[in-house]
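Please open the model in your viewer and keep the sequence panel beside it. The tour below proceeds by selections, each followed by what is to be found there.

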Amino acid sequence: MARPIWTGTLSFGLLNIPVKLMTGERRVDLHFRMLDSRNKAPIRYERVNEETGEEVPWKEIVKAFEYDKGSYVVIEEADIAAASPDHKETVDIDTFVDADSIGAEFYEKPYVLEPGKKAEKGYVLLREVLKRSGKVGIGRVVIRTREYLAAVAPHEDALLLLILRYAQEIVDPSDYKLPEGGLAKWKISPREIDMAQQLIDSMSSEWKPQGYKDDFRERLHKVIEQRVKSKKVVRGKESDESKLPENAATNVIDFAELLKRSLAKKGGQAAAKKTARKSAAKASKKTVKKAAKKRARKSA
């Protein structure tokens with residue numbers, strides 16, 4: 001069993017759903033070690049001081065930002081801690097948007113949200129409402145030490161946490177030399193369009209991701225197996241998953257009441273803003289009247 005990255009809550013309005021953040025991808029790359037070709041000994045990488053040539057122990061290493069070529073400013077651990085977000089181990093949903101409104105270029109990495117103990121009802125409620133509405137929740141989440149923008153989206157029986165790229169991380173396609181204009185500009189004939197359409201139709205099928213495999217990895221894996229065929233391979237035993245703390249939750253939660261209170265809170269905020277605007281307008285009118293009377297008395 002995979003271990004959760006963290007155990008926390010998924011929250012929107014006044015609803016808090018205990019969840020576990022589980023990895024949503026499986027890395028299957030083959031990792032290689034560098035060896036000395038002369039005696040097949042592993043190559044060791046050392047942390048060496050550029051000026052003295054001496055190896056530097058980990059305890060003497062600090063982080064620094066190079067703000068100019070050869071000029072650095074040292075960043076202390078306290079500085080990093082001060083900049084770290086407070087809402088760790090919580091997915092705070094700020095808003096809900098149409099799933100189709102998020103371009104494919106924004107999606108970066110998937111995670112799976114697994115419901116905590118006695119949190120299944122709230123989990124299913126959010127999942128099914130998102131399916132019906134075609135919406136996804138947008139919020140922020142801290143994974144390890146970094147804060148990410150994320151979308152909470154339904155997928156079959158799961159709620160996925162999809163890490164999103166920020167807008168400044170996306171390269172505008174217009175930065176590249178792309179062919180502008182349509183079919184007429186590039187003198188593409190109706191016959192060429194029909195033939196291309198026929199070719200696409202003849203090659204069309206349903207999307208079946210399980211039908212695609214990393215053939216290169218499989219072939220390379222066979223080569224490795226043949227090389228180690230005559231040697232013993234020692235495999236470490238998989239450690240059992242230790243019991244993880246569960247978020248406390250009651251057996252019965254009145255979701256309808258929580259939703260009602262969340263909506264009332266939103267409505268109350270809107271009403272408060274409206275009242276504040278009216279009060280400001282009245283105060284402004286009174287000020288204008290007083291100023292007019294004062295000017296009239298002076299004129300008299």
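**A ring pair across the chain**

Begin by selecting Phe96, which is partly exposed because its relative accessibility is 34%; buried here means under 20% relative accessible area, exposed over 50%, and partly exposed in between, with a 1.4 Å probe and protein chains only. This is a predicted model, in which local features need pLDDT of at least 70 and side-chain atom pairs count only at pLDDT 80 or more, whereas totals for chains, interfaces and linings use all residues. Residues are numbered from 1 along each chain as its sequence is written, and side-chain values use heavy atoms, with hydrogens and water left out.

Add Phe12 to the selection. Rings of Phe, Tyr and Trp (its six-membered ring) pair if their centres lie within 6.5 Å, planes under 30 degrees apart counting as stacked, over 60 as edge-to-face and the rest as tilted. The count by this rule is 1 aromatic pair, and it is formed by Phe12 and Phe96, edge-to-face, at 5.7 Å centre to centre with 85° between the planes. The pair links distant parts of the chain, since Phe12 is in strand E1 (residues 6–12) and Phe96 in strand E5, 84 residues apart; helices (H or I, at least four residues) and strands (E, at least two) are DSSP runs, numbered from the N terminus. Phe12 is buried, because its relative accessible area is 15%.

**Along strand E5**

Move next to Thr90, in strand E5 (residues 90–98). Thr90 counts as buried because its relative accessibility is 16%. Beyond its neighbours within four places in sequence, Thr90 is in contact (heavy atoms within 4.5 Å) with Trp6, Thr9, Ser11, Arg140 and Val141.

**Charged side chains**

Which residues should be selected to see salt bridges that share partners and join into one network? Start with Arg127 and Glu128, whose closest N and O atoms are 2.8 Å apart in a salt bridge, a term that requires a side-chain nitrogen of Lys or Arg within 4 Å of a carboxyl oxygen of Asp or Glu. Then add Lys131, whose side chain meets that of Glu128 in a salt bridge at 3.7 Å, N to O. Glu128 and Lys131 both lie in helix H2 (residues 120–133), 3 residues apart, about one turn of the helix. Arg127, Glu128 and Lys131 are thus joined into one network by salt bridges that share partners. Arg127 is buried, because its relative accessible area is 11%, while Glu128, at 30% relative accessibility, counts as partly exposed.

**A nonpolar patch**

Select Phe65, Tyr67, Val73 and Ile75, which make a nonpolar surface patch of about 390 Å². The elements that give two or more residues to this patch are strand E3 (63–68) and strand E4 (71–75). Patches are made of residues with over 30% relative accessible area and no salt bridge, like charges being joined within 9 Å and nonpolar side chains (Val, Leu, Ile, Met, Phe, Trp, Tyr) within 5 Å. Ile75 counts as partly exposed because its relative accessibility is 31%.

**The whole chain**

Finally, colour the chain by pLDDT, the predictor's confidence in each residue, from 0 to 100. The average is 80, and 77% of the residues score at least 70. Over residues 232–251, however, pLDDT stays under 50, and the model has 22 contacts beyond four places in sequence for this stretch. In a cartoon view, the secondary structure comes to 5 helices and 9 strands.

Key. Areas by Shrake-Rupley, 256 points an atom, 1.4 Å probe, with all protein chains shown as cover.
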